[in-house]
Amino acid sequence: MWVIDNYIDGVDNNTRNGVSVLHGESVFIRNNIFVNIAKQLMPGSVDIEPNPYPHYLLRDIFVDGNSFTNCGGISHVTVALPENSYVSGSPHSNIQITGNMFTGLGDGIRWMNFANISVPTLIRNNVYSGANRPLVIGDTSAPVVMDGAIVSNNRFHCQNIAVNSVIGSGGAGRADTV
C-alpha cells in the first residue's frame with residue numbers, strides 16, 4: 001500500500017484519524033501533509049493498529065517525510081499492538097518512523113505494545129515542536145516491551161517545559177537509544 005504526496009485535512013479535528021494500517025506488508029506513508037486531523041482520545045493522524053487477531057500482520061511499515069500540523073488525537077503517529085496481534089512464528093517487524101515533522105497539538109509518536117513481543121523498530125530523524133510529549137513509550141495501564149527498537153537523532157522542542165521533553169513512559173518501557 002502506498003499513501004504518498006497527499007494533502008490530508010480533517011478541517012476541524014473531528015475525525016478518528018487520517019490513515020489506518022490494520023494489516024499489511026510494504027506499507028509506505030510518505031511525504032504527506034496532515035492538518036487538523038483527529039479529535040481528542042482518537043488514535044491520531046496515522047494509526048498503526050492491527051485488530052487483535054493472529055492473522056493481522058504488520059511488516060515493513062514506513063512512515064517517513066510527513067508533516068503533521070495542528071493534529072489532535074492521542075498522538076500524531078500511534079503504534080498500538082494489542083494482545084494476540086501477531087502470527088505465531090511470524091511476528092510484526094520493521095516499523096520505521098523517520099524524517100517526520102510534528103508541530104502543534106498532540107503527542108508526537110506513541111508506542112503501545114500490549115502483545116509484549118520484540119518488534120524491530122526505527123524512530124529516527126523526526127522533529128517535534130509542540131506543547132505535549134514528543135515520544136511516549138507505553139501506557140499508564142501496563143508495562144510495555146520495546147526490545148529491538150532504535151530511537152536516534154530526533155529533535156524535540158517542547159513549548160511547555162512542564163512536560164517530559166525526551167521520552168515519557170507510562171509503563172516500564174525499554175528502548176535502545178543511540
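The legends below describe close-up views of a predicted model.

**Figure 1. The whole chain is built from strands.** In this predicted model, the secondary structure comprises zero helices and 19 strands. The chain has 178 residues, and buried residues make up 46% of them. About 8000 Å² of the chain is exposed, and carbon and sulfur atoms supply 51% of that area. Among the contacts with a separation of 6 or more, 85% are between residues 24 or more positions apart.

**Figure 2. The largest nonpolar core contains 32 residues.** In soluble globular proteins, nonpolar side chains tend to be buried together. Within the core of this model, the residues with the most contacts are Val 21, Ile 29, Phe 34, Val 46, Ile 48, Val 77 and Ile 97. Strands β3 (17-21), β4, β6, β7 (58-64), β9 (75-81), β10 (93-98), β12 (107-113) and β15 each supply at least two residues of this core.

**Figure 3. Ile 29 and the residues it touches.** Ile 29 is one of the residues with the most contacts inside the largest nonpolar core. When residues up to four places away in sequence are not counted, Ile 29 touches Val 3, Val 19, Val 21, Phe 34, Val 46, Phe 62, Val 63, Asp 64 and Asn 66. Of these, Val 21, Phe 34 and Val 46 are also listed among the residues with the most contacts in the core. Val 63 has a further role in this view, as the bridge partner of Ile 29 in β7.

**Figure 4. Strand β4 pairs with strands β1 and β7.** Strand β1 (residues 2-4) runs parallel to β4, and three bridges join the two. In this pairing, Trp 2 stands opposite Phe 28 in β4. Strands β4 and β7 also pair in the parallel sense, over six bridges. Here Ile 29 has Val 63 in β7 as its bridge partner.

**Figure 5. A salt bridge between Arg 59 and Glu 25.** Side chains of opposite charge can pair when their charged atoms come close. The structure holds six salt bridges, and one of them is formed by the side chains of Arg 59 and Glu 25, with an N to O distance of 3.8 Å. Arg 59 lies in strand β7 and Glu 25 in strand β4, so the pair ties together parts of the chain that are 34 residues apart in sequence. Both partners are partly exposed: the relative accessible area is 21% for Arg 59 and 45% for Glu 25.

**Figure 6. Asp 107 takes part in salt bridges with Arg 110 and Arg 133.** In the bridge between Asp 107 and Arg 110, the closest N and O atoms are 2.7 Å apart. Asp 107 and Arg 110 are both buried. In the bridge between Arg 133 and Asp 107, the closest N and O atoms are 3.1 Å apart. This second pair links distant parts of the chain, with Arg 133 in the loop between β14 and β15 and Asp 107 in strand β12, 26 residues apart. Arg 133 counts as partly exposed because its relative accessibility is 29%, whereas Asp 107, at 5%, counts as buried. Elsewhere in the structure, salt bridges that share partners join Arg 16, Asp 47 and Glu 49 into one network.

**Figure 7. Asn 132 and Asp 107 in space.** Asn 132 is found in the loop between β14 (127-130) and β15 (135-137). Asn 132 and Asp 107 are 25 residues apart in sequence, yet their C-alpha atoms are 5.2 Å apart in space. Asn 132 is partly exposed, with a relative accessible area of 32%.

**Figure 8. Asn 31 and Asn 36 have positive phi angles.** Most residues other than glycine have a negative phi. Asn 31 is not a glycine, but its phi is positive, at about 55°. Asn 31 lies in the loop between β4 (24-30) and β5 (33-35). The phi of Asn 36 is near 55°, again a positive value in a residue other than glycine. Asn 36 is located in the loop between β5 and β6 (44-48). The surroundings of each residue can be described by relative accessible area: Asn 31 is partly exposed at 39%, whereas Asn 36 is buried at 16%. The value for Asn 36 counts as buried because the cut-off is under 20%.

How values were computed. Residues are numbered from 1 along each chain as its sequence is written. This is a predicted model: local features need pLDDT of at least 70, side-chain atom pairs count only at pLDDT 80 or more; totals for chains, interfaces and linings use all residues. Side-chain values use heavy atoms; hydrogens and water are left out. Helices (H or I, at least four residues) and strands (E, at least two) are DSSP runs, numbered from the N terminus. Buried means under 20% relative accessible area, exposed over 50%, partly exposed in between (1.4 Å probe, protein chains only). Contact means heavy atoms within 4.5 Å. Accessible areas come from the Shrake-Rupley method with a 1.4 Å probe; for residues, only the protein chains shown count as cover. A nonpolar core is a set of buried Ala, Val, Leu, Ile, Met, Phe, Trp, Tyr and Cys residues joined through side-chain atoms within 4.5 Å. A salt bridge is a side-chain nitrogen of Lys or Arg within 4 Å of a carboxyl oxygen of Asp or Glu. Two strands pair if DSSP finds at least two bridges between them.
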